Amino acid sequence: EEDDLNVTEDEPNILKVKVAADALTKGQGQGGGEIEYKFKFEKIIPINAPQENVFATVGERVCDRFLDGFNCTIFAYGQTGSGKTHTIEGSSKSFKERGLLPRCISYIYERLEAMQLEQLCIEVSYIEIYNDAAYDLLNAVSGTNARLPKVSVTDHGTSVRVHNLSVHSAPTEDTALGFVFMGKTNRTVASTTMNIASSRSHSIFTLTISFKRPGSDTLMRAKLNLVDLAGSERVTKSHAVGRQLHEAKHINLSLHYLESVIVALQEKKAKKHVPYRNSLLTKLLRDSLGGNCLTAMIATISATQSNRAETISTCRFAQRVSLVDNLAKRNEVLDDKTIIKRLRRRVAELQAELNVAQEVIRDAQSEQNANTSDSDSVNFNSDNQSPMDRKRCAQLMKQYVNGKLRDPLASIPKAHALRTCFEVLRSVILEQRETLDTLQQDVQDGMKSKEQLRELKHKFGVAKARMRNLESTVVKPSRYGRIQQRQSHNSQSSSTNLSKNKKQPSFSQ
């Protein structure tokens, strides 16, 4: 809210920083005037925002991806006294002042209970990096760093292995929060002129889960890292001496190596060397910085005007981190028990197929023996095939075509006999094809003959009708002819009657 450090309503995600020119160069070569810097972030959270807003902005999104099978990391970076530990761990005096770490744990366990997963396993570990040496914060013996077990880190290809680090099972939320409180108690804290409770070490809390979804054969594995980095400090301001000066040197050097790793990853050059091995911090954060991980950074800055140079340095580092591309992927592996079940099922299927094949061979051999019992055995070992051999091949092929022989190969032990059988089979197929073509031609000819017969019948019917008409016209007399014949017949009959009855007078006379 200062004039030289503000965020406008028009550009809520851009931080504007104004600083005097000689403040960055210690009065050498710049002269008077001011320089304005603009830094763009995904979200800018004001200084008076509650902790739940920070979790809703950063923690909830990261936890959702973590429960989906992705490796995730949240780390806070900034100068000493800017609020990194308060953001990650929070305050134990008030429940509302809980930080990202306890809120993420509560959210994760609540989601896991609602998901009803199978083979759920949750493990936690807590490590501290103090003066470039790693210690286990969850050791059963509490006390100073000298009493905590030292952890060793070795390279393993493109990753690292951590030795002598205890991993504890956390089946419930209370158990996990208890481990968080134990690690917080064992962590190294000192009072400085910049911060009354300054963290003098880096801390990495790791939560690992593995589970199976209902009805799935794949096993999900994911890892969540919450990193609280120690704050960088200028000795001219903190006036550190003795032990605190030694601690400040290691803190600033490890943060310098962290920045060099980020710069190397940002350049994106082919075969660019990334100096992960320069410090123990960059070794442990190798996957989080440029590997299989989704990483979110929280940059904490001070509102004090005397810390503008540190604010600009923190914002520049955040801009470089935003340009790094990680290759995150979902961690899915087949469960060992599932693999064993699949292999056993496959072995049983192959055994069943083998039993069926053996049964078929036995049936074929029995059929062969039955077919050859009534006929002479044929010697297929000779190179020259006799007519008797070809006859035997023809019998085998006909039996195979007619369905009487299931496996003809069992009866043919030699390649030349098999060649002869194939020739016979080819001739049988060609013969059947010619027969089929002949029958098809006969059918076509029969159809043509049927049509011709139908036409002849029609012509014969027409000719027959014409013949009937002609006969009726020529043979039968007409009506006039029938009348003349009737009159002549009547005259003949009357003359006959007159000759018979001359003495008797008739009606006609």
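1. Strand S12 (202-212) and strand S13 (218-228) each contribute at least two residues to the lining of the second largest cavity. This cavity belongs to a predicted model, and the space within the second largest cavity comes to about 30 Å³.

2. The residues that line the second largest cavity are Ile88, Glu89, Leu101, Tyr126, Arg187, Ser203, Phe205, Leu226 and Asp228. Sorted by class, this lining holds five nonpolar, one polar and three charged residues.

3. Over the whole structure, a search returns two cavities of 30 Å³ or more. The largest cavity encloses about 60 Å³ of space.

4. Which residues line the largest cavity? They are Ile129, Tyr130, Asn131, Asp132, Arg200, Ser201, His202, Glu247, His250, Ile251 and Ser254. In terms of class, the lining of the largest cavity is made up of three nonpolar, five polar and three charged residues.

5. Two elements, strand S5 (118-130) and helix H7 (243-267), each provide at least two residues of the lining of the largest cavity. Helix H7 supplies the largest share of that lining, with four residues.

6. Helix H7 also contains Leu253. Is Leu253 buried, partly exposed or exposed? Its relative accessible area is 41%. Residues count as buried under 20% and as exposed over 50%, so Leu253 is partly exposed.

7. A spatial relation links Leu253 with Asn131, whose C-alpha atoms are separated by 9.8 Å. Along the chain, Leu253 and Asn131 are 122 residues apart. Asn131 is one of the residues lining the largest cavity, and Leu253 lies in helix H7, the element with the largest share of that lining.

8. On the surface, Leu334, Ile339 and Leu343 form a nonpolar patch. Together, Leu334, Ile339 and Leu343 have about 250 Å² of accessible area.

9. One member of this patch, Ile339, is located in helix H11 (residues 336-372). Why does Ile339 count as partly exposed? The reason is its relative accessible area of 33%, because partly exposed residues fall between the limits of under 20% for buried and over 50% for exposed. A patch takes in residues with over 30% relative accessible area, and Ile339 has 33%.

Terms used: Residues are numbered from 1 along each chain as its sequence is written. This is a predicted model: local features need pLDDT of at least 70, side-chain atom pairs count only at pLDDT 80 or more; totals for chains, interfaces and linings use all residues. Side-chain values use heavy atoms; hydrogens and water are left out. On a 1 Å grid over the protein atoms alone, a cavity is a set of points where a 1.4 Å probe fits but cannot get out, and a pocket is an open set with protein on both sides within 12 Å along at least five of seven lines; lining residues have an atom within 4 Å of a point. Grid points are joined across faces, edges and corners, and a volume is the space filled by probe spheres set on the points. Ala, Val, Leu, Ile, Met, Phe, Trp, Tyr, Cys and Pro count as nonpolar, Asp, Glu, Lys and Arg as charged, and the others, Gly among them, as polar. Patches are made of residues with over 30% relative accessible area and no salt bridge: like charges are joined within 9 Å, nonpolar side chains (Val, Leu, Ile, Met, Phe, Trp, Tyr) within 5 Å. Accessible areas come from the Shrake-Rupley method with a 1.4 Å probe; for residues, only the protein chains shown count as cover. A salt bridge is a side-chain nitrogen of Lys or Arg within 4 Å of a carboxyl oxygen of Asp or Glu. Buried means under 20% relative accessible area, exposed over 50%, partly exposed in between (1.4 Å probe, protein chains only).
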